[in-house]
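Before this model is taken further, a colleague asked for a written reading of its metal site, its charged pairs and its packing. The points below are meant to be read with the coordinates open alongside.

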Amino acid sequence: MSDILTIDTAVAAGLKKPEPQVDPLQVFDDRHPMLSVPIPEFTGSLPNSSMTHLVKRMKMTMKLYSGLGLASNQCGIKERVFVIGTDQFQMACINPKVLAVSDEIVKENEGCLSFPAFFLSLPRPKWVDVEFTDENGETKQTRLDGLTARCFLHELDHLNGVKFTSYVGAVAMQQAKRKQEKLIKKIVRRKK
Ligand SMILES: [Zn+2]
């Protein structure tokens, strides 16, 4: 891609201020104690400027590591907030709640930024009705479906101190660990 295509033309023409750069956060692995501790509900006025800044850093960190979701405690921060999304679409969920779930259950592969190259096939409801406050302070109620519902539930589990490994038995864990080792070897070989 030529450089001209990567320039934000509106910023270049002075029509828009450049996005302030934020530093990415460190993502801790599954041995970090904060991943096992539930975070209490945030009761202050939301969002304040430090929350807005945190959300920006979390979004940029999720993008940097190509994750689909990131909870604050994965970065050692004790706030009831996570971000979910892709390159095209990202949303912050503060004080997230599940209002209802579908009876239909879907089993899909799931990963986690705190468990590099590790995937588990997990059953989750097909859809969820949720409530959360976004980074603009708006409370939203909406139905999430498929992968977005799965991401929401995975990240909410993090805020409740629950790791996705708690849903499977020893045999499934061993199988997933063997696959992880193979995948890591493959990645290391590709980098050489
Ligand atoms: Zn995770």
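The numbered points that follow concern a predicted model, and they go from the metal site through the salt bridges to the strands and the cores.

1. **The zinc site.** Three residues coordinate the zinc ion, namely C112 through SG and both H154 and H158 through NE2, at 2.0 to 2.2 Å. Along the sequence these donor residues follow the spacing C-x41-H-x3-H. Of these, C112 belongs to strand β4 (residues 105-112) and H158 to helix α4 (residues 146-159), so that distant parts of the chain, 46 residues apart, are linked by this pair. C112 and H158 are both buried. Since water is not among the atoms, the site may look incomplete, and the list of three donors should be read with that in mind.

2. **A salt bridge between R31 and D29.** The whole structure holds 9 salt bridges according to the search, and one of them brings together the side chains of R31 and D29, with 2.4 Å from N to O. What is the exposure of each partner, R31 and D29? R31 counts as exposed because its relative accessibility is 68%, a value over the 50% cut-off, whereas D29, at 29% relative accessibility, counts as partly exposed.

3. **A salt bridge between E41 and K97.** Here the closest N and O atoms are 3.3 Å apart. E41 lies in the loop between α2 (9-12) and α3 (49-64), while K97 lies in strand β3 (residues 90-101), and the pair therefore ties together parts that are 56 residues apart in sequence. Both partners are partly exposed: the relative accessible area of E41 is 46%, and that of K97 is 32%.

4. **A salt bridge between D129 and R143, and a network.** D129 and R143 form a salt bridge in which the closest N and O atoms are 2.7 Å apart. The pair links distant parts of the chain, with D129 in strand β6 (residues 127-133) and R143 in strand β7 (residues 139-145), 14 residues apart. D129 is buried, because its relative accessible area is 18% and the cut-off for that class is under 20%; R143, by contrast, counts as partly exposed at 48% relative accessibility. Elsewhere, E110, R124, R150 and D157 are joined into one network by salt bridges that share partners.

5. **Strand β2 and its partners.** Is strand β2 (residues 81-85) largely enclosed or largely open? In this strand 5 of the 5 residues are buried, and β2 is therefore largely enclosed by the rest of the structure. Its side chains alternate in direction, in that V81, V83 and G85 point one way and F82 and I84 the other way, all of them being buried. Strand β1 (residues 69-71) runs antiparallel to β2 and is joined to it by 3 bridges, with G69 standing opposite I84. On the pairing with β3, which is also antiparallel, 5 bridges are found, and F82 stands opposite C93 there. The connection from β2 to β3 is a hairpin through 4 residues.

6. **The cores.** The largest nonpolar core has 16 residues, and F82, L144 and F152 are those with the most contacts inside it. At least two residues of this core come from each of β2, β3, β6 and α4, and α4 gives the most, with 6 residues. Beyond its neighbours within four places in sequence, F82 is in contact with several residues, including M58, L70, C93, F152 and L159. Another core, of 13 residues, lies apart from the largest one, and among its members are M51, M58, M62 and C75.

7. **T133 in strand β6.** T133 has its place in strand β6. The residue is buried, with a relative accessible area of 13%. When its neighbours within four places in sequence are left aside, T133 is in contact with A92, C93, I94, E138 and T139. C93, one of these contacts of T133, is also the residue that F82 stands opposite in β3.

Technical notes. Residues are numbered from 1 along each chain as its sequence is written. This is a predicted model: local features need pLDDT of at least 70, side-chain atom pairs count only at pLDDT 80 or more; totals for chains, interfaces and linings use all residues. Side-chain values use heavy atoms; hydrogens and water are left out. Donors are N, O and S atoms within 2.8 Å of the metal (3.2 Å for Na, K and Ca); water is not among the atoms, so sites may look incomplete. Buried means under 20% relative accessible area, exposed over 50%, partly exposed in between (1.4 Å probe, protein chains only). A salt bridge is a side-chain nitrogen of Lys or Arg within 4 Å of a carboxyl oxygen of Asp or Glu. Two strands pair if DSSP finds at least two bridges between them. A nonpolar core is a set of buried Ala, Val, Leu, Ile, Met, Phe, Trp, Tyr and Cys residues joined through side-chain atoms within 4.5 Å. Contact means heavy atoms within 4.5 Å.
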